[in-house]
Amino acid sequence: MNRREASMYELEYPAPEVSQEGPHGPTLVVALQGYADAGQAVESGARHLLQALDHRPLATFNTDELIDYRSRRPVVTIEHSEVIDADELELNLNVLRDSAGTAFLLLSGPEPDLRWEAFTTSVADLVERFGVQQTICLYAAPMAVPHTRPLVVSGHGNSKELLSHLFSIDSRINVPGSASLHLERLLNKQGRNVAGFTAHVPHYLAASDYPEATFRLLDAVAHAAGLQLPLAALEADAEKVREQIEEQIQDSHEIQAVVHALEGQYDAEMERYRTEHRGEILPGESSIPSGEELGAEFERFLADLDSDQEED
């Protein structure tokens with residue numbers, strides 16, 4: 001370990017097992033708090049994965065090198081006039097196992113305020129050290145969309161496989177930088193598979209917890225990375241919040257008018273996207289099997305039928 005790595009993070013020893021069966025390496029999911037996290041979807045997603053799945057720390061980053069404590073002051077506990085405790089700001093790389101036992105990595109905690117270049121270089125070193133096959137960075141942005149339509153998760157990156165089932169933004173845009181975006185840029189320069197997934201959160205709900213965004217974001221990760229993630233609780237929370245929102249807007253004609261206008265914009269945009277991207281699956285739609293897939297399934301059915309008849 002060189003001096004840069006030694007000051008930036010500390011590896012767990014002995015390191016937990018990261019490798020998995022098959023020729024491919026693990027997926028790295030990056031969920032940093034503090035940037036582009038409308039509805040707290042990114043922070044809630046990382047917390048859900050750590051609470052729901054078996055995990056072990058792999059590397060712990062030196063937050064004293066990376067965090068400006070004045071920008072995110074830790075909560076301090078005073079009891080009987082004495083300072084007895086303070087929250088720790090933890091930025092960790094963990095090894096998790098999905099419901100089928102497949103290993104993947106999760107980098108979570110506060111986004112660094114300082115030394116982005118050194119931080120992203122260190123993460124890229126860890127990507128190489130542990131044979132990471134693909135990296136997915138998570139974001140959630142407030143958008144002019146209604147809560148009454150399927151939530152969109154858009155994707156950007158250099159891997160067609162990771163982006164194949166996601167909405168794409170076909171234009172050039174400028175956004176404020178972040179540590180995660182700097183990491184994407186670096187991994188792209190190194191020729192490594194990397195993508196960013198962004199949940200489009202209704203702007204009027206961006207300041208509150210919005211489990212629908214968390215659920216859709218993690219569902220997109222599960223689909224792209226071939227992971228089995230326990231998301232039933234999030235789906236139930238999303239339905240509960242959806243019902244609460246409907247109750248709250250029933251008494252406000254002004255809010256109903258805003259939602260109705262957003263629905264018109266959303267529907268028009270989806271129709272335009274459908275025209276320009278024929279054959280792609282839109283939010284809320286199920287994939288339709290191809291002719292080859294239907295033929296293969298029919299052949300399996302006939303083979304099973306013949307096998308049953310021979311047994312009789």
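**Helix H4, its packing partner and the central sheet**

Helix H4 is followed by Gly-131, a residue whose phi is positive, near 65°. In this predicted model, H4 comprises residues 116-129, and its 14 residues reach 20 Å from the first C-alpha to the last, which is close to the 20 Å expected at 1.5 Å a residue. The buried residues of H4 include Ala-118, Phe-119 and Thr-120, and further along the helix Ser-122, Val-123, Ala-124, Asp-125, Leu-126 and Val-127 are likewise buried.

Two packed helices are described by the angle between their axes and the distance between the axes. For H4 and helix H6, which spans residues 179-189, the packing angle is about 55° and the axes lie 9 Å apart. H4 is therefore oblique to H6, and the crossing of the two helices is right-handed. On the H4 side, the contact is made by Trp-116, Glu-117, Phe-119, Thr-120, Thr-121, Val-123, Ala-124 and Val-127, which meet Ala-179, His-182, Leu-183, Arg-185, Leu-186 and Leu-187 of H6. Among the H4 residues in this contact, Phe-119, Thr-120, Val-123, Ala-124 and Val-127 also belong to the buried set of the helix.

The model further contains an open sheet of 8 strands, arranged in the order S1-S3-S6-S7-S2-S8-S10-S9 and with mixed pairing. Its edges are formed by strand S1 (9-11) and strand S9 (153-157), each of which pairs on one side only. Neighbouring strands of this sheet are turned against each other by 30° on average, direction ignored. Within the sheet, strand S3 (residues 54-61) and strand S6 (residues 92-97) run antiparallel and are joined by 6 bridges; His-55, for instance, has Leu-96 in S6 as its bridge partner. Helix H2, formed by residues 41-52, packs on the sheet and touches strand S2 (27-33), S3, S6, strand S7 (103-110) and strand S8 (134-143), while the direction of H2 makes about 130° with that of S7.

A further site of contact is centred on Thr-214, which lies in helix H7 (residues 211-225). Thr-214 counts as buried because its relative accessibility is 2%, against a cut-off of under 20%. When residues up to four places away in sequence are not counted, Thr-214 touches Gln-40, Ala-41, Ser-44, Gly-45 and Leu-234. Of these partners, Ala-41, Ser-44 and Gly-45 fall within the residue range of H2, the helix that packs on the sheet.

Conventions:
Residues are numbered from 1 along each chain as its sequence is written. This is a predicted model: local features need pLDDT of at least 70, side-chain atom pairs count only at pLDDT 80 or more; totals for chains, interfaces and linings use all residues. Side-chain values use heavy atoms; hydrogens and water are left out. Helices (H or I, at least four residues) and strands (E, at least two) are DSSP runs, numbered from the N terminus. Buried means under 20% relative accessible area, exposed over 50%, partly exposed in between (1.4 Å probe, protein chains only). Contact means heavy atoms within 4.5 Å. Two strands pair if DSSP finds at least two bridges between them. Axes are lines fitted to C-alpha atoms, for helices over the stretch in contact, and angles run from 0 to 180 degrees between N-to-C directions. The expected span of a helix is 1.5 Å times one less than its number of residues. Angles under 35 degrees count as roughly parallel, over 145 as roughly antiparallel, 65 to 115 as roughly perpendicular and the rest as oblique. A crossing is left-handed if the near helix is turned anticlockwise from the far one by less than a right angle, and right-handed if clockwise.
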